[in-house]
Amino acid sequence: MYYLKGAAAGGICCSITHGALCPVDVVKTRVQLDPVKYNQGLIGGFRQIIAEEGAMALTTGLGATAFGYFIQGWFKFGGVEVVKINMVEYLGPEKAWENKTGIYLAAAAAAEFVADIFLCPLEAVRIRSVSDPEYCDGLADGLAKMAKQEGIMGFYAGLPPILCKQIPYTMAKFSVQGAAAESIYNSMNTSPDQVSKGTGIAVSLASGVIAGVASAVISHPADTLLSKVNKAGAGGDGPMMSRLANIAREIGFW
């Protein structure tokens, strides 16, 4: 039951937060895909999209985002708890405490890898619908159209960059949040079980913000590749890795 609660809480929270930020994600994806046209920053991007396509264009891909990140959050947060607790039981409390950062990193990487297998098809449909608003009439239509036109590999063209984006992101998020929370409690000369519920929530929020910034910086280059490779025709024809290499050269990765 504990694992189920963790998975459900992770799924619900990821779905709500990513869904709420869908307009920001639309602008970000447009900037990544067409930096020449969308070159006015975040606020300018909002204004430009609303002026050209209407406010509802900012909700493009909302269904894929909310559903995709519910599934991703389910496997990520549930998986982290499964791996983390089993590693602690295997190592024993003392050795586990000595290697807590390694446990955070290993649990995060393993859980995120599984989560990304389920997220990748939905993220592919989201990016395609944002890059081409006429592509589909919602998540179900997008999934059916992509399967018919490109087959199963169309859903997983972005798997290498999504793994390169999400696994470091999640590893940084859990490890940095743990370290930040520990530092905050040490600066207060206290521990989580000695503070009020409100203080505990405040420390969690503060350490979460710190971890979120660190994770976003680490994962941004792969996020750009992910957006590019899921745009129709990006990187030319050929195998997935060849397309990714072409895109990387085009945008100046090397």
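## A tour from helix α3 to the aromatic pairs

Begin by selecting α3, where Gly44, Gly45, Phe46, Gln48 and Ile49 are buried (buried means under 20% relative accessible area, exposed over 50% and partly exposed in between, with a 1.4 Å probe and protein chains only); helices here are DSSP runs of H or I with at least four residues, numbered from the N terminus. This is a predicted model, in which local features need pLDDT of at least 70 and side-chain atom pairs count only at pLDDT 80 or more, while totals for chains, interfaces and linings use all residues. Residues are numbered from 1 along each chain as its sequence is written, and side-chain values use heavy atoms, with hydrogens and water left out.

Staying with α3, add α2 (22-33) to the selection, since what covers the buried residues of α3 includes this helix. The 13 residues of α3 (residues 41-53) should span 18 Å at 1.5 Å a residue, and its end C-alpha atoms are 18 Å apart, which agrees; the expected span is 1.5 Å times one less than the number of residues. Just after α3 comes Gly54, whose phi is positive, near 95°.

Next, select Cys120, Met146, Phe155, Tyr156, Leu159, Ile162 and Leu163, the residues with the most contacts inside the largest nonpolar core, which has 17 residues (a nonpolar core is a set of buried Ala, Val, Leu, Ile, Met, Phe, Trp, Tyr and Cys residues joined through side-chain atoms within 4.5 Å). The elements that give two or more residues to this core are α6 (100-131) and α9 (159-187), and α6 gives the most, with five residues. Centre on Leu159: leaving aside neighbours within four places in sequence, Leu159 is in contact (heavy atoms within 4.5 Å) with Asp116, Ile117 and Cys120. Apart from the largest core lies another, of nine residues, among them Val26, Val27, Phe46 and Leu58.

Now turn to the aromatic rings. Rings of Phe, Tyr and Trp (its six-membered ring) pair if their centres lie within 6.5 Å, and planes under 30 degrees apart count as stacked, over 60 as edge-to-face and the rest as tilted; by this rule the count comes to four aromatic pairs. Select Phe70 and Trp74, a tilted pair with 6.0 Å centre to centre and 45° between the planes; being four residues apart in helix α4 (residues 62-91), they are separated by about one helical turn. Then select Phe75 and Phe118, a stacked pair at 4.4 Å centre to centre with 5° between the planes. Phe75 lies in helix α4 and Phe118 in helix α6, so this pair ties together parts that are 43 residues apart in sequence.
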